[in-house]
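Visitor: Could you pick one helix in this model and take me round it slowly? I'd like to hear what sits on either side of it and what comes before and after.

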Amino acid sequence: MARTGLRIGVIGAGGRGWLSGHAHQPGKGVRLTAGCDVNPKALQDFKDKYGPDVFLTDDYRKLVERDDIDAVFVTSPDFLHEEQTIAALETGKSVYVEKPMAITIAGCDRMLKAALKNKVKLYVGHNMRHMAFTNKMKELID
């Protein structure tokens, strides 16, 4: 049976993980199908919101190793972004990582190298760049 749609895992399902909910659009073929968090309540809330069949874990490695996940949101605490993002990129998954990308420039460089090496996309979540007032400011500056 051929799969359809984009299946997304969320590392850091609690806290800033709510941002990933904007991507959950089953009618358009995009679903959040896995959540990772060290907080059991965050995992239960994720399951309550996205359905009983979602995969839940407290170990991000178990999430990124899954073949039934196409892309990953990394919305965990800042100091974990580098390690978790590189792990996902190394398994061939594209990643949306919430800012900051990493906590060191060297960490950012390692993340970029991992994305290039594995030929996958890495997007840093500076979400205000898409807001109307930001676009207008850019227009005025240009």
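Guide: Here is a walk around helix H4, its partner helix and a few places beyond. One thing to keep in mind is that this is a predicted model.

Let's start with the helix itself. H4 runs over residues 105-118, which gives it 14 residues. From first C-alpha to last it reaches 20 Å, close to the 20 Å expected at 1.5 Å a residue.

Now, which residues of H4 are buried? They are Gly107, Cys108, Met111, Ala114 and Ala115. These cover an arc of only 125° around the axis, so they sit on the same side of H4. The spacing fits a general rule: an α-helix has 3.6 residues a turn, so residues three or four places apart point the same way. Turn to the face of H4 that looks away from the buried side, and you find the exposed residues Ile105, Lys113, Leu116 and Lys117.

What covers the buried residues of H4? The cover includes helix H3 (81-90), along with strands E5 (94-98) and E6 (122-125).

H3 deserves a closer look. The axes of H3 and H4 are 9 Å apart, and the two helices pack at an angle of about 5°. That angle makes H3 roughly parallel to H4. On the H3 side of the contact are His81, Glu82, Thr85, Ile86, Leu89 and Glu90, and they meet Gly107, Arg110, Met111, Ala114, Ala115, Lys117 and Asn118 of H4. Sort the residues of this contact by character and you get five nonpolar, four polar and four charged. Note that Gly107, Met111, Ala114 and Ala115 have already turned up among the buried residues of H4, while Lys117 was listed on its exposed face.

While we're in H3, have a look at glutamine 84, which is part of that helix. Is its side of the story buried or exposed? Glutamine 84 is buried, with a relative accessible area of 6%. Setting aside neighbours within four places in sequence, glutamine 84 is in contact with Ile11, Tyr60, Val74 and Ser76.

Next, the two ends of H4. Ahead of the helix, the loop between E5 and H4 holds proline 100. The peptide bond leading from lysine 99 into proline 100 is cis, with omega near -5°. At the other end, H4 is followed by lysine 119, in the loop between H4 and E6. Lysine 119 isn't a glycine, yet it has a positive phi of about 55°. Lysine 119 is also exposed, at a relative accessible area of 76%.

For a second helix to set beside H4, try H1, residues 40-50. Its buried residues are Ala42, Leu43, Phe46 and Tyr50. Looking down the axis of H1, they fall within an arc of 100°, so they line one face of the helix. Pro40, Lys41 and Asp48 are exposed on the other side of H1. Strands E1 (6-11), E2 (30-36) and E3 (55-57) are among what covers the buried residues of H1.

One last stop is alanine 71, in strand E4 (residues 71-74). Alanine 71 is buried, with a relative accessible area of 14%. Not counting residues up to four places away in sequence, alanine 71 touches Leu6, Arg7, Ile8, Gly9, Lys93 and Ser94. Alanine 71 and valine 120 are 49 residues apart in sequence, and their C-alpha atoms are 9.5 Å apart in space.

Methods. Residues are numbered from 1 along each chain as its sequence is written. This is a predicted model: local features need pLDDT of at least 70, side-chain atom pairs count only at pLDDT 80 or more; totals for chains, interfaces and linings use all residues. Side-chain values use heavy atoms; hydrogens and water are left out. Helices (H or I, at least four residues) and strands (E, at least two) are DSSP runs, numbered from the N terminus. The expected span of a helix is 1.5 Å times one less than its number of residues. Buried means under 20% relative accessible area, exposed over 50%, partly exposed in between (1.4 Å probe, protein chains only). The arc is that of the directions from the helix axis to the C-beta atoms. Contact means heavy atoms within 4.5 Å. Axes are lines fitted to C-alpha atoms, for helices over the stretch in contact, and angles run from 0 to 180 degrees between N-to-C directions. Angles under 35 degrees count as roughly parallel, over 145 as roughly antiparallel, 65 to 115 as roughly perpendicular and the rest as oblique. Ala, Val, Leu, Ile, Met, Phe, Trp, Tyr, Cys and Pro count as nonpolar, Asp, Glu, Lys and Arg as charged, and the others, Gly among them, as polar.
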